[in-house]
Amino acid sequence: MSDPKQTMGVSTGSTTGGLVVSAIHEKIMAAAEEIGGWGEAAEREARDLVNQPTINNWLEAMGLESQRFHQGEAPPSMAQVWTMYGQGGVSTSSTTEGYRDPLHAMMNVLTDAGFNGVLGTNSEQSYDRYLRVGEQVRITTALDSVVGPKSTGMGVGYFVTSRSTWYVGDERVATMLFRVLKFIPKTSGKDTA
Amino acid sequence: MKLQTGEKLPGWELPITPTLVVSTALATRDFQDVHHDRDRAQAAGSKDIFMNILTSTALCERYVTDWAGTDVQIRGISIRLGAPAYPYDTLSFSGEVTEVEDGVATIAVTGSVSLGAHVTGTVRVAA
């Protein structure tokens, strides 16, 4: 067992159970409150309309066979695929003035505080309906919660949960709660495991 | 298809190859280097490239629809990530219908690798 008190940025006897210096914790939670106040932000249009070639590539890679997905419908768990940032991590709308992504902003706050490790822990997707070829999908993302500090198997960290919503026009078509652990890797402390 | 609580899904074993990890990452438009570049993955502290989260979700979709048929209407897929899925390991799925209520069946699904559970979660389908 490693002792989390020996990792970087850590002291004892604070309101955070001794895992993180109180001042750092307060700064993190203040940032969480501010970013949470942005609400549904980071609005982006998918680069492409829902389209058959992208569906076909996905079906081939996953090994999923179905006539249904050659007759105008897209597999439900592809909802997230349409609005991925793509290679280079930028989209046309993400370079426009005033664009800000709550998840990225909160992760940056934690990285700057020394929590440079990142691990996806939960993805909870709900589908209102299946998307159809030809539809233009749009996404928004909001910061849902920041919980911590927690001592985990990876190291001391904060769980950051964001809530993404996909729309076609004004119709909500899918939602996702996505949680990542931002942590100080144990190997960065004195007690390298 | 009439789903009943307690009904078990047949097991499914999927060999994890570098091609599977890379092709599924790219098919889900996830270009993070840890999913296609072993040198970069190892520099980041991983043993090898590893499966991305969108694919873990997609394989839960495939596991359930391989059994129930793609005519079922999937309402949601919630997963918790555990051990990484590395090439040359095997992803072994098991599942069971845990609840049928208000027209929705909940199927608990686990996908395990040699290091333990890679993905545990639920797939909700219209029943």
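**Exercise 1. Determine whether B:Tyr88 is buried or exposed in this predicted model, and describe its backbone.**

Solution.
1. The count to examine is that of other C-beta atoms within 10 Å, which is 10 for B:Tyr88.
2. A residue is exposed if that count is 12 or fewer, and B:Tyr88 is therefore exposed.
3. B:Tyr88 lies in the loop between S2 and strand S3 (90-101) of chain B.
4. Phi of B:Tyr88 is positive, near 75°, although the residue is other than glycine. Most residues other than glycine have a negative phi.

**Exercise 2. Carry out the corresponding analysis for B:Arg29: is it buried or exposed?**

Solution.
1. B:Arg29 has 22 other C-beta atoms within 10 Å.
2. The threshold for a buried residue is 20 or more, so B:Arg29 is buried.
3. The loop between H1 and helix H2 (38-43) of chain B contains B:Arg29.
4. B:Arg29 is not a glycine, yet its phi is positive, at about 60°.

**Exercise 3. Characterise the surroundings of B:Val21: in which helix is it found, and with which residues is it in contact beyond four places in sequence?**

Solution.
1. B:Val21 belongs to helix H1 of chain B.
2. B:Val21 counts as buried because it has 25 C-beta neighbours inside 10 Å.
3. With neighbours within four places in sequence set aside, the contacts of B:Val21 are B:Ile16, B:His35, B:Ile49, B:Phe50, B:Met51 and B:Pro87.
4. For B:Ile74, the separation from B:Val21 is 53 residues in sequence and 24 Å in space, taken C-alpha to C-alpha.

**Exercise 4. Explain why the buried residues of H2(A) lie on the same side of the helix, and state what they pack against.**

Solution.
1. Helix H2 of chain A covers residues 52-62, and its buried residues are A:Thr54, A:Ile55, A:Trp58, A:Leu59, A:Ala61 and A:Met62.
2. Around the axis these residues cover an arc of only 165°, which places them on the same side of H2(A).
3. The packing partners of the buried residues are in chain B, namely helix H1 (18-27) and helix H3 (53-68).
4. Just after H2(A) comes A:Gly63, with a positive phi of about 70°.

**Exercise 5. Establish how H1(A) is oriented relative to H3(A), and which classes of residue form their contact.**

Solution.
1. The axes of helix H1 (residues 22-36) and helix H3 (residues 102-112) of chain A come within 10 Å and cross at roughly 170°.
2. Angles over 145 degrees count as roughly antiparallel, so H1(A) is roughly antiparallel to H3(A).
3. H1(A) contributes A:Ile28, A:Ala31, A:Ala32 and A:Ile35, which meet A:Pro102, A:Ala105, A:Met106, A:Val109 and A:Leu110 of H3(A).
4. The residues of this contact comprise nine nonpolar, no polar and no charged.

**Exercise 6. Describe the interface: how many residues of each chain are in contact, and which element of chain B supplies the largest share of its side?**

Solution.
1. Contacts join 23 residues of chain B to 24 residues of chain A.
2. On the side of chain B that touches chain A, H1, H3 and strand S2 (74-81) each supply at least two residues.
3. S2(B) gives the largest share of that side, with eight residues.
4. The side of chain B that touches chain A has 10 nonpolar, seven polar and six charged residues.
5. For the complex, the predictor gives an ipTM of 0.97 and a pTM of 0.90.

**Exercise 7. Locate the peptide bond of chain A whose omega is about 0°.**

Solution.
1. The bond joins A:Gly148 and A:Pro149, and it is cis.
2. A:Pro149 is part of strand S3 (residues 138-151) of chain A.
3. Most peptide bonds are trans.

**Exercise 8. Assess the confidence in chain A: where is the pLDDT below 50?**

Solution.
1. Chain A has a mean pLDDT of 87, with 84% of its residues at 70 or more.
2. Its elements range from a mean of 92 in strand S1 (residues 41-45), where confidence is lowest, to 98 in H2(A), where it is highest.
3. Over residues 1-14 the pLDDT is below 50, and this stretch has 40 contacts in the model beyond near neighbours in sequence.
4. Residues 188-193 also have a pLDDT below 50, with 13 such contacts.
5. Where pLDDT is low, the predicted coordinates should not be read in detail.
6. In chain B, the mean pLDDT is 96 and 99% of the residues reach 70 or more.

Terms used:
Residues numbered from 1 in each chain as written. Chains lettered and ligands numbered in written order. Predicted model: local features only at pLDDT ≥ 70, side-chain atom pairs only at ≥ 80, totals over all residues. Helix = DSSP H or I, 4+ residues; strand = E, 2+ residues; numbered from the N terminus. Arc of directions from axis to C-beta. Contact = placed C-beta atoms within 7 Å. pLDDT = per-residue confidence, 0-100. Axes fitted to C-alpha atoms, helices over the stretch in contact; angles between N-to-C directions. Parallel < 35°, antiparallel > 145°, perpendicular 65-115°, else oblique. Nonpolar A, V, L, I, M, F, W, Y, C, P; charged D, E, K, R; others polar.
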